[in-house]
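Reader: Before I rely on the terms used for this model, I should like to know what each one rests on. Please show me the chain first.

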Amino acid sequence: MKEDWKDQARCKGMPSDLFFGVADEPSQEMLDLCHSCPSFIACYDHAMKHEEYGYWAGTTAKKRRKLRREQGRPMEPLVRSRMPVKGCGTNAGYARHLHRKEPACAECVREHRAYNAEKAARKRANRKARIGL
Ligand code: SF4
Ligand SMILES: [Zn+2]
């Protein structure tokens with residue numbers, strides 16, 4: 001079944017990393033975004049059922065865990081009948097996982113961290129070279 005609510009989503013086309021790594025207290029902007037979204041109810045229902053990670057419909061992962069506990073509402077596994085992520089196990093694969101709004105696999109996370117560490121080291125080296133150290 002096609003999930004039409006995703007087409008109406010206010011967050012459609014926004015970078016997925018905005019929705020992952022959200023602190024336990026989302027910003028007012030994030031809350032305003034969701035509270036003005038026409039897909040809010042469908043998104044909330046979907047997230048309560050299926051999404052372990054990330055910020056969805058005004059809720060963080062932690063908040064949804066609490067709500068599920070309080071409501072005695074277990075998660076329902078989602079059968080993802082999708083193709084595997086292209087380039088899984090690379091930094092590009094990491095970005096594709098986020099784009100799909102799914103948690104990145106351990107290998108992609110490792111590659112992403114390595115990529116960031118390398119980038120930071122390059123920046124440090126450039127800075128040193130600039131000031132002649
Ligand atoms: S409620 Fe928020 S997270 Fe859900 S579809 Fe709308 S804008 Fe996106
Ligand atoms: Zn992966």
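The exchange below takes up the terms one by one.

Author: Please bear in mind that the model is predicted.

Reader: How many helices and strands are there in the chain?

Author: The chain has six helices and zero strands. From the N terminus on, its elements run α-α-α-α-α-α.

Reader: Why is the chain called more spread out than a compact globule?

Author: The globule rule gives 14 Å for 133 residues, whereas the radius of gyration of the chain is 18 Å, well over that value, so the chain is more spread out than a compact globule. Along the principal axes, the C-alpha atoms fill a box of roughly 60 × 35 × 30 Å.

Reader: What makes a residue part of the surroundings of ligand 1, and which residues are they?

Author: The criterion is a C-beta atom, placed from the backbone, within 6 Å of the ligand. The residues around ligand 1 are Ala9, Arg10, Cys11, Leu33, Cys34, Cys37, Ser39, Phe40, Cys43, Trp56 and Ala57. Two or more residues of this shell come from each of α2 (28–35) and α3 (40–50).

Reader: How do the residues of that shell divide into nonpolar, polar and charged?

Author: They divide into nine nonpolar, one polar and one charged. Cys counts as nonpolar here, and Cys11, Cys34, Cys37 and Cys43 are among the shell residues.

Reader: How do you know which residues of α5 and α6 meet?

Author: Two residues are in contact if their C-beta atoms lie within 7 Å. In α5, Asn91, Gly93, Tyr94 and His97 meet Cys108, Val109, Glu111, His112 and Tyr115 of α6. These contact residues divide into four nonpolar, four polar and one charged. The axes of α5 (residues 91–99) and α6 (residues 106–130) come within 7 Å and cross at roughly 120 degrees, and the crossing is left-handed.

Reader: Which domains does the domain assignment give, and how many residues does each bring to the contact?

Author: The assignment gives domain 1 (9–71) and domain 2 (91–130), with C-alpha centres 25 Å apart. The contact takes six residues from domain 1 and four residues from domain 2.

Key:
Residues are numbered from 1 along each chain as its sequence is written. Chains are lettered from A and ligands numbered from 1 in the order in which they are written. This is a predicted model: local features need pLDDT of at least 70, side-chain atom pairs count only at pLDDT 80 or more; totals for chains, interfaces and linings use all residues. Helices (H or I, at least four residues) and strands (E, at least two) are DSSP runs, numbered from the N terminus. Axes are lines fitted to C-alpha atoms, for helices over the stretch in contact, and angles run from 0 to 180 degrees between N-to-C directions. A crossing is left-handed if the near helix is turned anticlockwise from the far one by less than a right angle, and right-handed if clockwise. Domain bounds come from an automatic or database domain assignment. The radius of gyration is taken over C-alpha atoms; the globule rule is 2.2 Å times the number of residues to the power 0.38.
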